[in-house]
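Thanks, everyone, for making the time this morning. I would like to walk through the empty space and the ligand site in one model, and I will try to keep to what was computed from the atoms.

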Amino acid sequence: MSNVLEIAKHFQYEGTAVSFEQCHVGHINGTYFVTCEGKEKVRYVLQRINTNVFTKPVEVVENMVNVCEFLKTKIAAEGGDVNRETLTLIPALDGKMYYVDEENNYWRTYRAIEGVVTYNLSESADMFRSAGCAFGRFFNRLSDFPADKLHTTIPNFHNTVSRFADLKKAIAEDRVGRVKDAQAEIEFALAHENITSFLMDGIEDGRFKLGVTHNDTKLNNILIDTETNRGICIIDLDTVMPGSLLFDFGDAIRFGASSALEDETDLDKVYVVPEMFEAYVDGFLSEIRGSISEAEIRAFPMAARVITFEIGIRFLEDYLKGDVYFGIKRPNHNLDRARNQFKLVADGEKKEALLNSIVEKYI
Ligand code: GN1
Ligand code: MG
């Protein structure tokens with residue numbers, strides 16, 4: 001994107017934007033680090049919102065503004081650092097929190113937080129425990145956020161039942177003729193229909209409560225302080241919506257308790273690491289004890305499996321539709337991702353008794 005520096009001119013940055021770098025993490029939005037020079041060097045994160053995915057980008061930004069403001073009040077009351085523990089959005093020249101370019105792209109931006117790293121793999125149980133604490137703290141801080149102020153940015157985001165229906169539709173339509181190339185994966189998916197209603201049923205009958213959740217709790221959505229190795233700031237607030245904390249738990253486990261990257265193609269290298277699972281349970285529960293029931297804790301292993309399956313079928317659906325949703329970096333990328341997630345589901349089934357016994361220690 002050669003026009004990133006042009007776009008940058010439309011925001012109230014300190015100094016002049018002199019260079020930028022693309023950030024390649026994330027499958028949806030376009031993300032750039034912009035460096036400004038003035039009295040001092042300041043870096044910003046500039047993002048082009050994917051309006052194919054987020055059809056109401058202004059609502060996405062409004063959520064982000066409200067959530068960050070709310071978090072800042074909480075962080076200040078706790079004596080924390082409001083500039084490092086959540087994001088600080090920067091307005092455009094006209095005072096709006098976003099800028100629309102001539103091609104109707106929506107851009108938003110915030111100050112980069114320095115002295116942090118993100119990880120795509122859990123390096124140690126200790127670090128992943130800290131990730132559990134960070135997501136637990138995030139949930140706690142938003143526990144009294146007025147949910148009626150939140151726009152639903154993507155309806156049915158973690159409704160595995162409707163995700164499954166979407167997959168079936170994609171199979172039936174076979175728009176790009178790829179069904180023949182994904183027979184084993186389709187078979188695996190169809191054989192697992194019985195797990196799709198697990199979370200929805202619990203929400204419906206009141207066993208699993210609704211709160212404000214993050215909904216995309218990948219390890220790489222936590223900024224980890226390079227000095228303390230602690231998770232300090234949760235990013236990617238695009239899908240903060242009412243949900244069950246089992247969504248957040250499940251998604252964190254599917255990513256961070258995996259032995260390999262989400263798109264590893266050597267499936268022998270892909271399995272659930274029980275020590276990581278336990279570390280996350282330990283960290284997460286240490287923060288959210290008061291807000292979670294025994295039934296919800298007991299549901300941890302299954303929630304992880306269901307959310308892993310859900311993302312697996314979303315990758316598979318996208319492969320069958322011709323890669324229209326998730327960004328891909330190579331042919332068959334979405335099929336590779338689906339296979340990888342299904343391997344984790346199968347391994348989670350094998351380790352069910354072990355994972356249940358870990359959870360029992362915490363009840
Ligand atoms: C997408 O863009 P990113 O990487 O933050 C997706 C998540 C998936 C994830 C899989 C809005 O998130 O739901 O879990 O890819 N986000 C959206 O890596 O669909
Ligand atoms: Mg995301």
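Let me begin at the ligand, where a polar side-chain atom of R254 lies 3.3 Å from an oxygen atom of ligand 1. Please keep in mind throughout that this is a predicted model, and that every value I quote is computed from it.

R254 is joined by two further contacts that I want to mention: an N or O atom in the side chain of E262 is 2.6 Å from an oxygen atom of ligand 1, while in the case of H27 a polar backbone atom is what lies 3.0 Å from an oxygen atom of the ligand. As for cover, ligand 1 on its own has 440 Å² of accessible area, and the protein covers 95% of that.

If we widen the view to the shell, there are 16 residues around ligand 1, and those that come nearest are K218, D236, E262, R314 and Y325. So E262 appears both in this nearest group and in the polar contact at 2.6 Å. By class, the shell is made up of eight nonpolar, six charged and two polar residues, and its largest share, three residues, is supplied by α10.

Which site does ligand 1 sit in? It sits in the largest pocket, where about 910 Å³ of space lies. That pocket is lined by 48 residues, with V25, N220, N221, I235 and D236 the closest to its centre, and the elements that contribute two or more residues to the lining are β2 (30-37), β3 (41-49), β5 (106-111), β6 (116-117), α7 and α10. D236, then, is among the residues closest to the pocket centre and also among those nearest the ligand. Sorted by class, the pocket lining has 24 nonpolar residues, with twelve polar and twelve charged.

Let me turn from the pocket to the cavities. Rolling a probe the size of a water molecule over the atoms shows where empty space is left. How many cavities of 30 Å³ or more does the structure hold? There are three, and I will describe two of them.

The largest cavity has a volume of about 140 Å³, and among the 15 residues that line it, I253, V272, A304, T308 and L344 lie nearest its centre. At least two lining residues come from each of α7 (245-256), α10 (300-320), α11 (333-350) and α12 (352-360), with α10 giving the most, namely four. The lining divides into nine nonpolar, three polar and three charged residues. I would point out that α10 therefore recurs, since besides leading in this lining it gives the largest share of the shell around ligand 1.

The second largest cavity holds about 90 Å³ of space, and its lining includes L71, I75, F138 and R141, as well as the run G231, I232, C233 and I234. Here the elements that each supply at least two lining residues are α2 (57-77), α3 (125-141) and β9 (231-234), and the classes come out as seven nonpolar, two polar and three charged.

That is where I will stop, and I am happy to go back to any of these sites.

Note on methods
Residues are numbered from 1 along each chain as its sequence is written. Chains are lettered from A and ligands numbered from 1 in the order in which they are written. This is a predicted model: local features need pLDDT of at least 70, side-chain atom pairs count only at pLDDT 80 or more; totals for chains, interfaces and linings use all residues. Side-chain values use heavy atoms; hydrogens and water are left out. On a 1 Å grid over the protein atoms alone, a cavity is a set of points where a 1.4 Å probe fits but cannot get out, and a pocket is an open set with protein on both sides within 12 Å along at least five of seven lines; lining residues have an atom within 4 Å of a point. Grid points are joined across faces, edges and corners, and a volume is the space filled by probe spheres set on the points. Ala, Val, Leu, Ile, Met, Phe, Trp, Tyr, Cys and Pro count as nonpolar, Asp, Glu, Lys and Arg as charged, and the others, Gly among them, as polar. A residue is near a molecule or strand if one of its heavy atoms lies within 4 Å of it. A polar contact is a pair of N or O atoms within 3.5 Å; within protein, one must be able to donate a hydrogen and the other to accept it, and residues adjacent in sequence count only if both atoms are side-chain atoms. Accessible areas come from the Shrake-Rupley method with a 1.4 Å probe; for residues, only the protein chains shown count as cover. A molecule sits in a cavity or pocket if more than half of its atoms lie within 2 Å of its grid points.
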